[in-house]
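Visitor: Could we go through this one together, beginning with how the two chains meet?
Guide: Gladly; have a look at it first, and then ask whatever comes to mind.

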Amino acid sequence: MSYLAYQFKDVPVGFRKLLYLNWPVVFLITAVSGFGFLMLYSVAGGSMNPWVTPQVQRFGLGLAVMVSMAMVPIWFWRNMAVVGYLLALVLLVAVDIIGVERNGSQRWLDLRFMDFQPSEMMKITLIMLLAAYYDWLPLSKVSKPVWILVPLLFIAAPAYLVLSQPDLGTTILLVSGGGAIMFLAGVHWAYFATVIGGVIGLVTAVFQSRGTAWQVLKDYQYRRIDTFLDPTQDPLGAGYHITQAKIALGSGGWTGRGYMQGTQSRLNFLPEKHTDFIFTTLAEEFGFIGAFGLLILYALIIIFCVQSAVTNKDRFASLITMGVAVTFFLFFSVNMAMVMGLAPVVGVPLPLVSYGGSAMLVLMVAFGLVQSAHVHKPR
Amino acid sequence: MKKGPKETEEGARRLSRRAMLLGSAQAAIVATLGARMASMQVEQADTFRMLAEENRINIGLIPPARGLVYDINGVVLADNEQHYSITMTREGAGNVDEVLARLDRIIALEPERLEKAREELKARSPFVPVTVAERISWEDVARVTVNAPALPGVVAELGRSRIYPQGSDMAHVVGYVGPVSDYDLSQIDDQDPLLQIPRFQIGKTMVENRLERELRGTAGTKRVEVNAAGRVMRELDRVEGIPGADVQLTVDARLQNYIQARLDGESAAAVVIDVTNGDVVGIGSAPSYDPNVFVTGISTTLWNELNERDVETRLHRRPLAAKTVQGTYPPGSTFKMVTALAALEDGQIEADDTVRCVGHTDVFDVRFHCWRRSGHGNMNLNESLKQSCDVYYYDIAQRVGIDKIAAMGRKLGLGERHELPMSAIRSGLMPDKAWKREERGEDWRIGDTVNASIGQGYVSTSPLQLAVMTARIATGRAVKPRLVRSIDGIEEPSGAGESLGLNENNLRRIRAAMYDVSNHSRGTAYRTRIAAQEYRMAGKTGTSQVRRITADERARGVTRNSDLPWNRRDHALFVSFAPADNPKYAVAVVVEHGGGGSTAAAPIARDVMLQALYGGTPPLSAYPSASRGAIQAQQRRLEPLLREIRPGRDTDEA
């Protein structure tokens, strides 16, 4: 349905749009980010520097970006999808060539005033493109192999570039997010069953072949996978951090040690305590109540997004809202599972809480799309 | 593309359905995360709280106990001694400098160590304990323990260190361990994490070094809880390492002790081989040093002293060199058996053929002298060996040719690197025509053969090789020296060896001549014979020149050894086996610059042989009556140098 088909009288105009924002989501995002400020203040040893001040500034900027984007009709964003995707793809290639290298991976572009991660931008533009694609594609063709190949290419190109940076965490997010949109768009479930079955089969085959004459990988590669899956095998390396993270988290108990009283994080036991491992500090200081509370806040954000998506008659709007929700969900669930020792450590930050400019801004842009979709719902 | 309203509706319905499906899956995952949180923070909270609140987990390596080294009777040659050391971790200490300063006030630390520790603390991971002080007294341990609250991260640890109870006796055999150095790490390709432990002890030389893999063992790991003060509260779990394998040597510590005592004051080497199985039961080198000083790190002064760095006071006695395998000397007359055997085997001579010795032989225009200028007269094999006539060997060597002599020398173990677990073993040299052409680019000359026939010129041998040669002559078998009897209780193959394939008649003639050397009144070693009937000894003296006597010196008449400076005097050698009729031991002795073989080396060889045969101090009746008085005086003199050695832990299963 083209936007011209909408009845203009049903869509709010001007500043009236502000009244139609998805306010619960705005409040929830602010609450979660507030949690983040508290934690950054704590891990800095009770100081606004070096993390809280820039984080608050970026949040303010992000909030402004989100509201501004919400004011722009959602059909504009749909028309921007292809351009945005191509731009992100070009930037990813640029990173590969002129990017800045840090800690052995090349992910950043130096923009003078800030470092920019094109892979973060790709998270949104990929979802936008796929949503626009399925908005355009008649439902009858959705499950035709040819029409499945196209979105697969859309996903594969950035996934390959990001994986070669190397950034496994973002790659997983891209592929899962893209897959989720395809699933929501109504691609026949048999395709998903085949892919999941195939992956399980392949992994099983690779591991079953271990120790036999026809083993697929080299021995040291198997050993690396072993330590990746079970870091306790490397008690002085990766396992040390996971052990310390679990102690910090578990020792929080019901109510935690109290704000700024966490010993584990204070004594520098934890790595990346202001980024990927910030949840352990939160769980140590605020206990189960704090950690579970954060989980509930996240879940509520998802619920409000799903509710908005389901009640939205515009297909692009629905898909983009669900896509953002799924990506957001993957962010926090992978991070939490990682620090609780349920998943291997793959460098995914805790959304809105972990310190980081690009991630914060990108999330706010994503929620800007969700808000725009909500405001410009056909009523 | 145009879509009908029907299709749009169907798309929306399907999307809603799938959204709900995806939503439920997400809800399930959120529930899992929540459950995990609850299990960790509510159910297991106490466990984690305990770990975190008072205690923290440290993961460390447990160095395995290094394997012990025993002698043939189970006497401990290298032991592990327990001692206390003070270690410290960066994460435990917090403020490293302050804690170190406090520690320094409580127990005085060596400034050098303090500086080193400070560097190490900075460089290593926060949880790696760094040794601040070693081998500290019990009082200091108590002082540190009492002051524990003021010394976070500081722990008194029970450690193990190597100790060599036999002191300098075994230094040239067992060697020593020392803290692993960066140089060591760059030299060895070894991924063992143990080597990353600061000051971990590894074998530096000799058996300790050559059997490092066997002796070291495998590291274990332990996870310990330490409290906020850094004190170890308890061990969580522990995977024991595998202790290093015990090694039993063939050396007899008591005999070794006697050898070192007997060689004391000389620069000499003595090797005793059990000819029945190749066991090296004694392998002494003098002067020696105390290996214990190397274990914790040696002072520069002592190191320079041992290396004779000071040119002024240098004695050229090389205490750090194991002369038994690292020293090579011209074998002198002890080589004559090789020349004779080569000639006999080649059929060039019969034992009764005689050569007339007039005191010299002329080869073209060069005159080669016999040691007795007046000549020996008519010499057959027996007489020539007995009286060590040189001219006889000049003559027969020219008939056989150097290549056959060299082949015989090699057959008897000369010029060969006998693989014992000792460091820097030298192979000596058994020259032949091909060697000279290759190495020197010159043709072999007859004069070279003449020189080689009496073990001079290019020929050079180590005391070990001479002992092997004697053992092979005594048995006719390819006796192979063996220093390690068993590793971890598993016996090493015997060195008895196969038959050399030599004519037994020829060997018998050589042995008979060697018997006469020591037991015939005209023999060069008659005065140092063994009188005990059942232990009669066969031997051969050797005196090898280290310099040419210049024409000028000859004119001035300086040919007596005692008139020369020590380091230009002749080497004294003696090889022997006994009992002559049923050989048990072969002994080779080299006394550097000792003068004559019969006066300097033979008495030592005889005394060592008797010690080995009697398994202790022999009765005076074993000595010829003429020398008993002197021997008694000598025994009294050596008594304070001999230690009482009793077998410790017996590893011999059989």
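**Where the chains meet**

Visitor: How many salt bridges turn up across the interface of chain A and chain B?
Guide: In this predicted model, the rule finds zero salt bridges across the interface of chain A and chain B.

Visitor: And how many residue pairs are in polar contact there?
Guide: Seven residue pairs are in polar contact between chain A and chain B, counting those with both residues at pLDDT 80 or more.

Visitor: What about the classes of residue on the chain A side?
Guide: The side of chain A that touches chain B has 39 nonpolar residues, along with 16 polar and five charged ones.

Visitor: How much area do they bury between them?
Guide: Chain A and chain B bury about 4300 Å² between them, and 71% of that lies on carbon and sulfur atoms. Of the area that chain A buries against chain B, 13% is supplied by A:Leu139, A:Phe183 and A:Phe329, which is more than any other three residues supply.

Visitor: Switching to the open sheet in chain B, what is the strand order?
Guide: Its five strands run in the order 14-13-23-22-21, with antiparallel pairing, and the edge strands are strand 14 (280–286) and strand 21 (538–544) of chain B.

Visitor: Which helices pack on that sheet?
Guide: Helix 11 (residues 253–263) of chain B touches strand 13 and strand 14, its direction making about 25° with that of strand 14. Helix 22 (residues 504–519) of chain B touches strand 21 and strand 22, and its direction makes about 75° with that of strand 21.

Definitions and conventions
Residues numbered from 1 in each chain as written. Chains lettered and ligands numbered in written order. Predicted model: local features only at pLDDT ≥ 70, side-chain atom pairs only at ≥ 80, totals over all residues. Heavy atoms only, no water. Buried area = accessible area lost by both parts, 1.4 Å probe. Salt bridge = Lys/Arg side-chain N within 4 Å of Asp/Glu carboxyl O. Polar contact = N/O pair within 3.5 Å; in protein donor to acceptor, adjacent residues only side chain to side chain. Nonpolar A, V, L, I, M, F, W, Y, C, P; charged D, E, K, R; others polar. Pairing = 2+ DSSP bridges. Helix = DSSP H or I, 4+ residues; strand = E, 2+ residues; numbered from the N terminus. Contact = heavy atoms within 4.5 Å. Axes fitted to C-alpha atoms, helices over the stretch in contact; angles between N-to-C directions.
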